[in-house]
Structure formats: structure tokens, C-alpha cells
Amino acid sequence: MEQEPNEQEPNEATEIVGSKVETVEVSRHPEASIPETDLSLADIERRRSHPVRWAVTILAVLAAIIAPYWLGRSFAVNNTEAVVAALGDVSAQGIALVGWTVVVIAYVGLVMAIVVSPSWPWLIVFVVGLAAEQFIAGLSMLNLHFWYSTYVVYGEQSNIANAANLGILAAAIGVAVYAVIFVGLLVVIKKTSPLNVLTKSWASFILYFVIEGVALFVVLFGGLLTAV
């Protein structure tokens with residue numbers, strides 16, 4: 001006959017605590033604390049996948065990449081005088097700052113959407129920032145040889161578009177440099193090392209903004225705005 005457990009009997013174990021052998025109490029679970037389920041691991045993962053959310057996000061990202069760039073480029077080609085008149089009083093540093101800011105906003109929105117277990121508000125920030133960056137990129141004719149395109153479209157006022165392009169490129173280069181450094185830290189630093197604090201989320205964000213600040217400083221005060 002199976003013996004029923006004695007509830008009065010202490011549930012103890014002997015182990016080493018602080019270099020001494022001691023008898024300590026351990027937890028007792030006579031009954032399962034996790035309810036039984038007929039769902040398989042695949043069923044659980046399928047419920048967490050949210051395919052509709054990902055489909056909507058992908059379509060929104062594609063739309064944010066294509067439509068704003070085409071709209072900005074159309075403005076630049078067909079309404080050049082209106083664009084110059086609207087931005088003519090803004091300094092090159094201010095325009096570069098705007099280009100840099102939209103890229104930073106888009107990247108922060110993307111990272112936060114990933115960290116905060118895809119969150120709709122941060123996904124919206126990412127898509128809006130991406131759309132703004134693409135619109136400015138289209139308006140400033142951003143490509144591999146943008147200084148030729150901007151001069152053809154804007155002529156003597158091409159410095160306006162060039163400043164926006166430099167701001168966007170500076171922020172994009174900052175993202176690339178940060179990614180290389182952060183991945184390098186993850187590979188090099190051991191989990192038991194005191195330097196592992198550099199891989200924490202708050203430390204990585206500080207590192208990112210430091211790198212982006214350096215990139216912006218180089219564009220604004222490094223003489224690049226007068227070189228193209």
C-alpha cells in the first residue's frame with residue numbers, strides 16, 4: 001500500500017552554507033503548481049507570433065520607405081522654387097540637424113519597439129521617423145553622388161539639400177559605428193567581468209547618443225557643410 005506523506009514531518013536537507021554543514025528547510029510541492037494543458041509548444045508559439053501585427057508593420061515600413069521619398073523627390077523636381085523659398089532662410093546647420101534628428105528618432109523607435117516586446121506606440125514612432133527621413137531624403141535628392149543631383153536641381157542653392165543629406169548620413173554612420181562597437185563589446189566582455197555593465201540597455205543607449213553626438217558635431221563644426 002502506498003504511504004501517504006506525513007505533513008508533520010519536516011522537509012529538511014543537509015548542505016554546506018558558508019563553509020559549514022547545516023540542516024536547512026526546503027520547499028515541498030506535493031501537488032503540481034502548473035495546470036495541465038493539451039497545447040503543444042508549437043501551439044503556444046503560434047499564439048504568440050501575431051502574424052497580422054507583423055504583416056501590418058511590414059506593409060507600413062514599405063509604404064514609409066517608398067511613398068515619402070517619391071513625394072519629396074517630386075516636390076524637389078516640380079516645385080524647386082517653392083522649396084528654396086520655404087527653406088532659404090534656414091541655416092545649413094539647422095537643416096543638417098533636422099536630417100540627423102529624424103534618423104535618430106526612427107532608430108530609437110525601432111530599438112524600443114524590439115526591447116519593449118513589440119509595442120505599437122514605438123512601432124508608430126519608428127514608422128513616422130522613417131517616413132520623415134525618406135521625405136527629406138527625397139527632397140534633398142539623396143543618393144551615392146547627391147552633390148551632382150542637388151546642383152542640377154537646386155543650382156546655387158544646393159547647399160540646402162547637401163546639408164540635409166549630410167545630417168542623414170552622419171546619423172546613419174553613427175548607427176553603424178554603434179552597432180559594430182556594441183556587438184564587439186558583447187563578444188569581448190565576459191558575463192562575469194565588471195565591464196559587463198557596458199552591455200546593459202541603459203549603458204548602450206548612452207553609448208549610442210554619445211556616438212551620434214560626435215557625428216553631429218563633426219558635421220556642424222567640421223567644415224563639411226561648406227565642402228559639398
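Axes here are lines fitted to C-alpha atoms, for helices over the stretch in contact, and angles run from 0 to 180 degrees between N-to-C directions. This is a predicted model, in which local features need pLDDT of at least 70 and side-chain atom pairs count only at pLDDT 80 or more, while totals for chains, interfaces and linings use all residues. Residues are numbered from 1 along each chain as its sequence is written, and side-chain values use heavy atoms, with hydrogens and water left out.

Helix 6 and helix 7 (helices being DSSP runs of H or I with at least four residues, numbered from the N terminus) pack at an angle of about 150 degrees, and their axes are 8 Å apart. That makes helix 6 roughly antiparallel to helix 7, a term for angles over 145 degrees.

The largest pocket (an open set of points on a 1 Å grid over the protein atoms alone, with protein on both sides within 12 Å along at least five of seven lines; lining residues have an atom within 4 Å of a point) is lined by 15 residues, and Leu 87, Ile 95, Ile 136, Leu 139 and Ala 164 lie nearest its centre. Each helix in the table supplies at least two residues of this lining, and helix 4 gives the most, with four residues.

| Helix | Residues |
|---|---|
| Helix 3 | 80-87 |
| Helix 4 | 92-115 |
| Helix 5 | 120-139 |
| Helix 7 | 158-188 |

Met 141 lies in the loop between helix 5 and helix 6 (146-154), and Met 141 has a positive phi of about 55 degrees although it is not a glycine. Most residues other than glycine have a negative phi. Met 141 is buried (under 20% relative accessible area), with a value of 4%.

Notes: On a 1 Å grid over the protein atoms alone, a cavity is a set of points where a 1.4 Å probe fits but cannot get out, and a pocket is an open set with protein on both sides within 12 Å along at least five of seven lines; lining residues have an atom within 4 Å of a point. Buried means under 20% relative accessible area, exposed over 50%, partly exposed in between (1.4 Å probe, protein chains only). Angles under 35 degrees count as roughly parallel, over 145 as roughly antiparallel, 65 to 115 as roughly perpendicular and the rest as oblique.
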